[in-house]
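These are my notes from a session with one model, set down in the order in which I looked things up. I kept each entry to what I could read off directly.

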Amino acid sequence: MPTPSLDALPIRRLTLRDLTACADLSEDRGWPREEHKWGFLLTAGRGFGIDDPQGGLVAACVITEYGSWGRPELGAVGMVLVAERHARRGVGRRLMRHVVSVMDGTPLTLYATESGRPLYEELGFKVTGRAEMLRGRFTPGGPDLGMKTRAATAEDLPTMLRLDEEVFGADRTPLIARLPAFADQLRVAEEDGRITGYAAAWPTMDTHVVGPLIARNTETAQALIASLAAGTDRPLRTDIDVRHEDLRAWAKARGLASVTYNSVMTYGIPELPGDWTRRFAPLTVAAG
């Protein structure tokens, strides 16, 4: 039997049964396997992929939808990967066109690498922001921030969800409600008995990723990062909106170094909804 062309291979929905194949695809492109993150995204979002007749996946991506059930207001596209042996053959373009079609006019967002950005621009995505990835071992010190943080409890979840929707600009309940099981730490900041921010630290292969990071101001964001760092012996990694210059400078002074920049892109909307002044870092760039 002749091997079918890439254009003839169907695009299908991915499930948790595809977890190993997705991790293999990440590894093939030099990314960490991150099965923990893949499992989270495939559960909270919708995965799409193309099977390789010779085994594994030709390509994959995940869409995480936000807003009312059945009527999403925003879709975040992430983990767009094409196997090295099939790269530069139009597979990524085909998969992204499928995503745009499936979302049927719903505004989209994604974080793009420099190499991926031209494809997304060709498809109509516009650069509307940037994020800086920082990584390193956090060094405690500096003046006392005077901000109170504590471990989040089940009773905090409704308040966290209201705050998150206000700041993010869309309901992320299916994602945020999974944080207690996904993250190793989930903390809130309080002022006068009122929650003014929250942050999580979730594990990758050898780091803890700080995200999401929602905070009333820079000092609150600093206190949350410092409290999460105190609870782990791993290096930290986070992706901070470049407009938060003070937080980026503080994090670098505390031991985190710049790794790369990603472009925040949108499709169908001129900019992301919500309040960027309190949105410091995403849960993961793969989920917006």
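Is T149 counted as buried or exposed? I looked up its relative accessibility, found 18%, and entered T149 as buried, because the cut-off for that class is under 20%. I note here that I am working with a predicted model.

**Entry: around T149**

I placed T149 in strand β7, which covers residues 148–151. Setting aside the neighbours within four places in sequence, I listed its contacts as R187, V188, A189, A223, L224 and S227. With S227 I also found a polar contact between the two side chains, at 3.4 Å. I then checked the separation to V242, which lies 93 residues away along the chain, and obtained 25 Å between the C-alpha atoms of T149 and V242.

**Entry: T109**

My next threonine was T109, which I located in strand β5, residues 108–112. Its relative accessible area is 3%, so I recorded T109 as buried. Which residues does T109 touch, once those up to four places away in sequence are left out? I wrote down L74, G75, A76 and V77, then V264, M265 and T266, and finally L272. For M265 I have a further detail, since its backbone oxygen lies 2.9 Å from a polar atom of the T109 side chain.

**Entry: helix α1**

For α1, residues 19–28, I noted L19, C22, A23, L25 and S26 as the buried residues. Viewed down the helix axis, these buried residues fall within an arc of 155°, and therefore they line one face of α1. This brought to mind the general rule that an α-helix has 3.6 residues a turn, so that residues three or four places apart point the same way. I then asked what covers the buried residues of α1, and found that the cover includes strands β1 (11–14), β3 (57–68) and β4 (71–82), together with helix α2 (35–44). After α1 comes G30, for which I read a positive phi near 80°.

**Entry: strand β3 and its partners**

I turned to β3 itself, and found this strand mostly covered, with 10 of its 12 residues buried. On the side of β2, residues 46–51, I counted 6 bridges to β3, the two strands running antiparallel; within this pairing, G49 has A60 of β3 as its bridge partner. The hairpin of β2 and β3 has 5 residues between the strands, and in that hairpin G55 takes a positive phi near 110°.

How many bridges pair β3 with β4? I found 9, again in the antiparallel sense, and noted that T64 stands opposite A76 in β4. The hairpin of β3 and β4 has 2 residues between the strands, with G70 at a positive phi near 85°. I had already met A76 in the contact list of T109.

**Entry: the largest pocket**

Last, I looked up the largest pocket, which holds about 1,200 Å³ of space. Its lining is made by 46 residues, of which W31, V80, L81, T113 and S115 lie nearest the centre. The elements giving two or more residues to this lining are the strands β4, β5, β6 (126–136), β11 (236–241) and β12 (257–267), with the helices α3 (91–103) and α4 (117–122). Which element gives the largest share of the lining? I entered β4, with 6 residues.

Terms used
Residues numbered from 1 in each chain as written. Predicted model: local features only at pLDDT ≥ 70, side-chain atom pairs only at ≥ 80, totals over all residues. Heavy atoms only, no water. Buried < 20%, exposed > 50% of the residue type's maximum accessible area, 1.4 Å probe, protein only. Helix = DSSP H or I, 4+ residues; strand = E, 2+ residues; numbered from the N terminus. Arc of directions from axis to C-beta. Contact = heavy atoms within 4.5 Å. Pairing = 2+ DSSP bridges. Polar contact = N/O pair within 3.5 Å; in protein donor to acceptor, adjacent residues only side chain to side chain. 1 Å grid on protein atoms, 1.4 Å probe; cavity = no way out; pocket = protein on both sides within 12 Å on 5 of 7 lines; lining within 4 Å. Points joined across faces, edges and corners; volume = space filled by probe spheres on them.
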